[in-house]
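User: I am new to this structure and would be grateful for a guided reading of it. May I put a series of questions to you?

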Amino acid sequence: MAEPGSPLAADSPLATTYAMLGSGAACVALVFRRITPVWAFGGTLAAAVLSISAGGGGVLSGMVTVMVALYALSLHRTAGVAAVGACAVTLVGAALTLAAGAGAKIVAGVAFQAAAMAAVVWVMGRSRRRRGAGRSAVSAYHAGSASVPRLAADAERRRLIAELHDVAAHRLTGIVVSAATATRLTDPELAAAATRHAAEAGRQAVMELDRLAGTGHRAATEQDRLGEAVEPMAAVEPMTMEDIDVLVAEHIGLDYRRTAVGAPPEVISIAYRVVREALTNATRYAAGASRVRLDILAGHLVVTVTDEGGDAAASDLGTGNGLAGLRSAVHSVGGTFSAGPKDGTFSAGLKDGTSSAGLKDGGWEVRADIPLDPSVPTRRVSYVRPRLRRRMKAAADAATDEPVMARARRMADWRGPRALDGALVVLAIALTLGANLLPGDDLDPFATPLPGLLLALLFALHALPLGWRTNASRRGLAVTLASVLVWLCLDLAGWAGPPVSDMFLWCCWMELALLYAIGARTQSRDWPAPIVMAGVGGLALVSGDGITGDRPAAWLVLTAMLAVPAVAAWGLGRFVAARRRRRGTAVTRERDLLERVAAVAAAAERRRIVGGLRSTARRHAQRVVDGAEAGRLDVVLAEARAGLTALRELMEQERDDGGEPPHTVSGIAVLTARRGGAARYVGLRRPLHPAVEVTAYQVARELLAEGAAVAVTFLDGGVTVSGQSPTSGGRLRALVDAADGTLIVADDGSARVWLPEVSPT
């Protein structure tokens with residue numbers, strides 16, 4: 001092979017054989033480019049080698065098939081895989097040229113040209129992949145919009161149920177237990193104490209129910225409406241360990257020990273709920289709790305409540321929501337929760353009432369391990385060994401580390417919309433250098449090292465500002481025009497390189513690309529930019545040898561001619577920017593409307609429950625107070641039971657029908673709740689583009705395949721979704737890649753996904 005592209009005679013039998021084999025292999029490979037794009041790309045590369053070896057028209061057809069396969073690879077596979085394919089195109093092109101016996105400059109020229117084409121094809125495939133993912137996400141967002149009001153109402157009901165269970169139901173249960181015990185034992189002193197307790201607890205229950213039903217009740221936020229575990233609204237001030245001490249002191253005869261001195265208020269609040277619910281259940285289904293422990297172990301607040309079994313005081317008053325709510329709250333901060341017999345056979349899936357079935361003689365234990373630094377939720381396990389707990393904590397620290405997030409942002413940048421900027425830089429440098437390295441009619445500018453090095457620097461200075469299109473387009477245009485003026489000065493000094501007029505004619509598309517970016521991303525006060533570009537371009541063109549006569553007049557004419565495409569490029573950017581703003585306004589309007597509809601549905605559900613409270617539970621609680629003041633313990637017991645029954649019936653009405661949750665960030669909470677887990681939201685909540693909302697939901701769904709909780713963190717410029725990585729992460733990686741995100745998986749399997757706040761459309 002003496003010359004690249006024609007190593008064999010075009011009409012030789014061997015060339016014909018190569019051409020037929022190459023064509024057949026290319027056709028077969030292209031048929032499967034959507035099913036197996038990696039193998040199809042490899043097949044087209046092999047076919048291109050055969051076609052180029054055949055010479056003649058095989059060179060063009062071989063390159064076309066390779067680029068088609070590279071486009072399919074960029075469209076159907078991740079950015080990294082497609083980038084490797086683009087590099088392979090460059091290397092194969094250079095290797096074939098070298099094998100054909102070409103010189104070093106020709107090999108470099110072919111490599112640059114191949115890199116330019118591969119960069120363009122890579123960006124085209126990535127752009128279409130991103131647009132397709134964006135359209136699918138927006139369609140899913142619209143499809144799930146109809147379920148938002150229904151789920152908002154259900155979430156508001158569950159939020160109120162959690163409050164009712166934590167306050168009024170807890171107090172009425174205590175009244176039932178004390179009144180039932182006093183009635184059964186017929187002890188006058190015990191009856192008097194039970195009557196006093198009923199009067200005080202009844203008044204508190206009435207006050208709490210009035211607060212829920214009153215005008216001072218705070219409106220539910222979107223976060224509350226869509227299923228997050230929320231703390232009792234009665235706890236206005238941050239809780240302390242002393243609050244738990246007071247709670248335990250209400251139960252006489254407990255073996256109570258607290259070695260934990262302090263903890264974050266959020267952790268203490270959850271621990272308070274665990275202790276209160278466990279104590280209440282122990283009085284319902286057994287003879288009461290016997291031991292309560294609060295200890296700090298390996299960075300966790302460990303809460304343990306144990307009972308010894310015994311006769312159940314009120315086993316028929318459970319609502320089925322207590323342990324489930326605790327489990328959700330503990331998991332939402334990355335902790336673990338277990339409840340079961342004292343022999344250690346824990347089960348995180350048991351609900352209220354299960355301990356009364358044949359377990360009253362063996363006893364029951366509730367245990368919650370709550371991390372003192374509730375950052376990233378970890379995988380749910382019934383028991384966490386100290387070594388594994390340390391690994392989980394280290395993984396959580398790494399996932400929230402700023403250097404890790406900075407690396408995630410950089411990894412997302414190179415595959416996102418800014419990848420177009422990088423591809424334009426590669427295209428500009430590769431085209432200009434490649435064209436000057438290949439043999440032609442003009443003098444070889446790389447014949448001597450110094451002019452060749454200076455020419456390469458000028459090309460780079462003129463092309464590199466394209467990388468600033470997204471963030472600093474005005475600065476990029478200034479540097480590009482400055483490089484044109486430097487080139488002009490070199491021409492006037494008589495250097496041996498190509499004239500600036502030829503360079504500008506060949507490369508003015510770079511200035512036009514920057515003008516488009518200025519129009520699309522800046523304000524109307526930048527209208528002088530196209531005029532300045534036209535003026536500098538006129539200087540470059542008027543310096544050419546083909547211009548004779550009055551050069552100032554020629555400069556004016558050339559400037560006016562260049563102003564037309566320059567203003568057109570800038571105006572196109574302005575038009576696209578205006579269209580984007582209109583689309584953004586429409587999206588915002590649609591989202592606000594949906595939020596208002598959801599708020600109306602939640603308010604209607606709140607009014608329904610409040611009406612039921614006023615006519616049932618609140619009336620029974622007041623009768624409890626009246627009966628206690630009259631000394632009628634039988635009335636107290638009957639009315640307290642009736643109030644609990646009314647609360648339970650109210651809680652059981654209109655439960656979630658299991659429909660598909662809305663594919664939004666807030667819908668993640670509904671999804672995790674249905675799978676027995678919890679969603680934790682960190683940072684200031686803000687509306688996101690529908691495509692980002694849907695992608696975050698889909699990522700959470702993948703992370704929940706093997707985990708019980710996810711964390712959603714709102715950061716500047718994007719959102720992160722953290723959880724346990726699935727065993728097979730191919731689908732998750734493809735999902736994140738299509739949204740220009742980044743997936744980071746720690747050694748223990750915890751995953752963190754960064755989704756930039758950029759519209760994929």
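**Burial, salt bridges and the five-stranded sheet**

User: Is Asp 737 buried or exposed?
Analyst: The model is a predicted one. Asp 737 has a relative accessibility of 4%, and the limit for burial is under 20%. Asp 737 is therefore buried.

User: Which side chain does Asp 737 meet in a salt bridge?
Analyst: A salt bridge requires a nitrogen of Lys or Arg within 4 Å of a carboxyl oxygen of Asp or Glu. For Asp 737 the N to O distance is 2.6 Å. The partner lies in helix H5 (residues 104-144), whereas Asp 737 belongs to helix H24 (residues 730-738), and the two are 611 residues apart. The partner, itself buried with a relative accessible area of 2%, is Arg 126.

User: Which residues are linked with Arg 126 and Asp 737 in a network of salt bridges?
Analyst: The bridge between Asp 737 and Arg 126 belongs to a network of salt bridges. Besides these two, the network includes Arg 129, Arg 130 and Asp 740.

User: How many salt bridges are there by this rule, and which one involves Glu 365?
Analyst: The count comes to 21 salt bridges. In one of them, the closest N and O atoms of Glu 365 and its partner are 3.9 Å apart. Glu 365 lies in strand S5 (residues 364-371) and the partner in strand S2 (residues 289-297), so the pair ties together parts that are 74 residues apart in sequence. Glu 365 is buried at 13% relative accessible area, while the partner is partly exposed at 32%; that partner is Arg 291.

User: Which residue forms a salt bridge with Glu 757?
Analyst: The N to O distance in this salt bridge is 2.8 Å. Glu 757 is in the segment after strand S10 (750-756), and its partner is in the loop between strand S6 (678-682) and helix H23 (690-703), 71 residues away. Glu 757 is partly exposed with a relative accessible area of 32%, and its partner is also partly exposed, at 26%. The residue is Arg 686.

User: Over which ring does the charged end of Arg 475 sit?
Analyst: A charge counts as sitting over a ring when, among other conditions, it is within 6 Å of the ring centre. The charged end of Arg 475 is 5.9 Å from the centre of the ring in question. That ring belongs to Trp 468.

User: In what order do the five strands of the open sheet lie, and which stand at the edges?
Analyst: The pairing in this sheet is mixed, and the twist averages 15 degrees from one strand to the next. The order is S6-S7-S8-S10-S9. Two strands have a single partner strand each, so one side of each is left without a neighbour in the sheet. These edge strands are S6 and S9 (742-745).

User: In which sense do S6 and S7 pair?
Analyst: Strand S7 covers residues 709-715 and joins S6 over five bridges. Tyr 681 stands opposite Val 712 in S7. The sense of the pairing is parallel.

User: In which sense does S10 pair with S8 and with S9?
Analyst: S8 and S10 share seven bridges, and Gln 724 has Ser 750 in S10 as its bridge partner. S9 is joined to S10 by four bridges, with Trp 754 in S10 as the bridge partner of Thr 742. S10 pairs with S8 in the antiparallel sense, and S9 and S10 likewise run antiparallel.

User: How many residues of S10 are buried?
Analyst: Side chains in a regular strand alternate between the two faces of the sheet. In S10, Ser 750, Arg 752, Trp 754 and Pro 756 point one way, Ala 751, Val 753 and Leu 755 point the other way, and all are buried. S10 is therefore largely enclosed by the rest of the structure. The number buried is seven of the seven residues.

User: Which residue in the hairpin of S9 and S10 takes a positive phi?
Analyst: The hairpin has four residues between the strands. The phi in question is near 95 degrees. The residue is Gly 749.

User: Which helix lies across S9 and S10?
Analyst: H23 lies across S7, strand S8 (718-724) and S10, at about 10 degrees to S8. The helix across S9 and S10 runs at about 145 degrees to S9. That helix is H24.

Methods: Residues are numbered from 1 along each chain as its sequence is written. This is a predicted model: local features need pLDDT of at least 70, side-chain atom pairs count only at pLDDT 80 or more; totals for chains, interfaces and linings use all residues. Side-chain values use heavy atoms; hydrogens and water are left out. Buried means under 20% relative accessible area, exposed over 50%, partly exposed in between (1.4 Å probe, protein chains only). A charge sits over a ring if NZ of Lys or CZ of Arg is within 6 Å of the ring centre and within 35 degrees of the ring normal. Two strands pair if DSSP finds at least two bridges between them. Axes are lines fitted to C-alpha atoms, for helices over the stretch in contact, and angles run from 0 to 180 degrees between N-to-C directions. Contact means heavy atoms within 4.5 Å.
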